[in-house]
Amino acid sequence: MTLDTTSTLTTPTADPTRAAGDATRAAAGATTASATADVGVRTYDVRTHGCQMNVHDSERLAGLLETAGLVDLASLPAATRPAVADVVVFNTCAVRENADNKLYGNLGQLRPAKLANPDLQIAVGGCMAQKDRETIVRKAPWVDVVFGTHNIGSLPALLDRARHNREAQVEILESLEVFPSTLPTRRDSAYSAWVSISVGCNNTCTFCIVPSLRGREQDRQPEQILAEIRALVAQGVIEVTLLGQNVNTYGVEFGDRQAFSKLLRACGEIDGLERVRFTSPHPAAFTTDVIEAMAQTPNVMPSLHMPLQSGSDSILKTMRRSYRSDRFLRILDEVREHIPDAAITTDLIVGFPGETEADFQATLDVVAAARFSSAFTFQYSIRPGTPAGSMPDQIPKAVVQERFDRLIALQEEVSWAGNRLQEGRDVEVLVAPFEGRKDAETQRMSGRARDNRLVHFALPDGIPDADRPRPGDLVTVGVTYGAPHHLVADSARHDGTYAVRRTAGGDAWVALQGSPGGKPAVSLGMPSLGRPASVATAPPCG
């Protein structure tokens with residue numbers, strides 16, 4: 001496989017903020033010295049915006065920085081924790097218009113800290129960095145490093161170079177050289193992990209800027225993915241989420257149209273792996289073999305995120321979405337035929353250019369028919385560099401808002417009705433540490449059911465601390481109320497269903513409670529890109 005490895009590397013001239021910092025450093029002395037001098041460590045703070053791919057990339061950025069000797073700011077005791085880390089990294093998103101405003105607003109808030117402490121380093125990565133490049137340094141000259149989606153492994157070297165040269169470093173690669181799973185990673189969870197199976201996207205949706213920022217799809221070898229999952233399970237992970245821009249087109253690079261369903265079945269052969277999820281598939285490539293693999297592999301969860309975007313066939317055509325509403329609904333029917341209890345979620349865009357009231361009504365009709373358990377609903381915003389950004393018939397903001405409100409109201413009704421149907425059912429919950437904001441005052445714990453619904457569950461009265469479920473354990477409880485956005489399971493308070501199953505995930509969580517930040521240690525990366533030596537070398541698919 002040949003990759004275009006063209007890169008952009010610039011070192012903008014010194015800016016007034018940086019120059020002023022150099023001039024005042026000696027005079028400021030202890031006043032402007034790094035706030036972490038008191039605790040003797042250099043700290044980092046990775047701030048993440050955007051999708052699950054970004055969340056996983058941020059775990060890699062944390063692994064890189066820890067390998068370079070830095071310490072997570074959040075892991076320090078509150079009494080000795082400085083207000084701002086020595087290195088602040090923004091991992092950005094470029095999907096919506098407010099992403100720009102959010103980034104430059106956050107950078108502006110850090111400018112006083114940079115003036116007070118010139119040794120503070122600020123880095124910007126992710127999709128916004130890939131898009132804006134040197135523009136970021138022109139708009140915010142106190143930024144030290146800009147790096148793109150294809151070279152996150154360069155961050156430590158770029159930080160060192162910026163510190164040595166006292167100049168901002170901007171490095172953007174135009175294509176991926178090394179699959180990011182080769183990088184060290186510091187996971188956020190002891191018992192749950194992200195696993196990238198592909199990066200990039202071959203679609204050309206007119207509203208989306210991601211393909212130009214993430215590149216064309218590149219797939220990992222199946223044996224490499226499975227080796228990573230087995231290594232994670234050995235560390236106590238019991239749940240993995242397979243990630244890809246279009247996760248179900250996995251295998252296109254090495255010519256196996258059923259590679260994704262085979263991968264799901266192979267995950268079912270891994271002892272100790274309790275739950276497998278994936279996100280996000282594309283409806284146009286969602287095939288029967290994947291549905292059958294989901295239904296026939298017990299540890300593949302009955303939850304599915306299926307982005308609709310619009311229920312109007314004319315709008316779908318303008319979006320270059322290669323399916324139509326009837327095909328979409330047939331997919332959902334087939335999923336529910338094989339997996340009756342599946343919870344299906346979606347993405348929706350309101351106010352796409354040219355959307356008429358009839359188009360919007362078609363979306364309402366499909367949403368009512370689809371019975372989504374929840375929906376991520378967005379108002380269309382112009383993204384420079386996308387075909388939709390220059391289309392005629394942009395919809396006035398007031399019209400978009402009114403339609404958005406109607407769609408939200410309908411989906412709320414659908415979600416609530418679906419959750420009320422869960423009342424009286426027993427559900428298995430993977431316990432989480434911080435899912436519920438009101439857990440303390442309601443005396444409940446929280447977690448996710450197999451279908452990914454959020455569940456707040458009560459414990460038996462007077463339960464000893466030693467018998468409480470731990471994050472990472474599995475609890476079976478009875479649903480007593482279905483709220484619009486979550487389930488309540490108070491069966492334990494009424495002599496109903498309550499059972500705890502201790503897991504390796506719970507053991508792993510307990511083992512980390514004495515470690516800084518309660519997070520797993522940095523794990524080494526796994527090898528990755530390229531055509532498999534032989535597809536037959538993948539583990540049996542069952």
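Guide: A salt bridge is a side-chain nitrogen of Lys or Arg within 4 Å of a carboxyl oxygen of Asp or Glu. By this rule the count comes to 31 salt bridges. The model is predicted: local features need pLDDT of at least 70, side-chain atom pairs count only at pLDDT 80 or more, and totals for chains, interfaces and linings use all residues. Residues are numbered from 1 along each chain as its sequence is written, and side-chain values use heavy atoms, with hydrogens and water left out.

Visitor: Why is the contact of R186 with E66 called a salt bridge?

Guide: The closest N and O atoms of R186 and E66 are 2.7 Å apart, and the rule asks for a distance within 4 Å, so the pair qualifies.

Visitor: What makes R186 buried or exposed?

Guide: Buried means under 20% relative accessible area, exposed over 50%, and partly exposed in between (1.4 Å probe, protein chains only). R186 has 6% relative accessibility and therefore counts as buried. Its partner E66, at 23%, counts as partly exposed.

Visitor: How do you know that R501 and E274 tie together separate parts of the sequence?

Guide: Their side chains meet in a salt bridge at 2.9 Å, N to O. R501 lies in strand β22 (residues 498-501) and E274 in the loop between α9 (259-267) and β12 (275-279), so the pair joins parts that are 227 residues apart in sequence. Strands (E, at least two residues) and helices (H or I, at least four) are DSSP runs, numbered from the N terminus.

Visitor: Which residues do salt bridges with shared partners join into one network?

Guide: R501 also meets E428 in a salt bridge, at 3.6 Å, N to O. Through shared partners, E274, R275, E428, R450 and R501 form one network.
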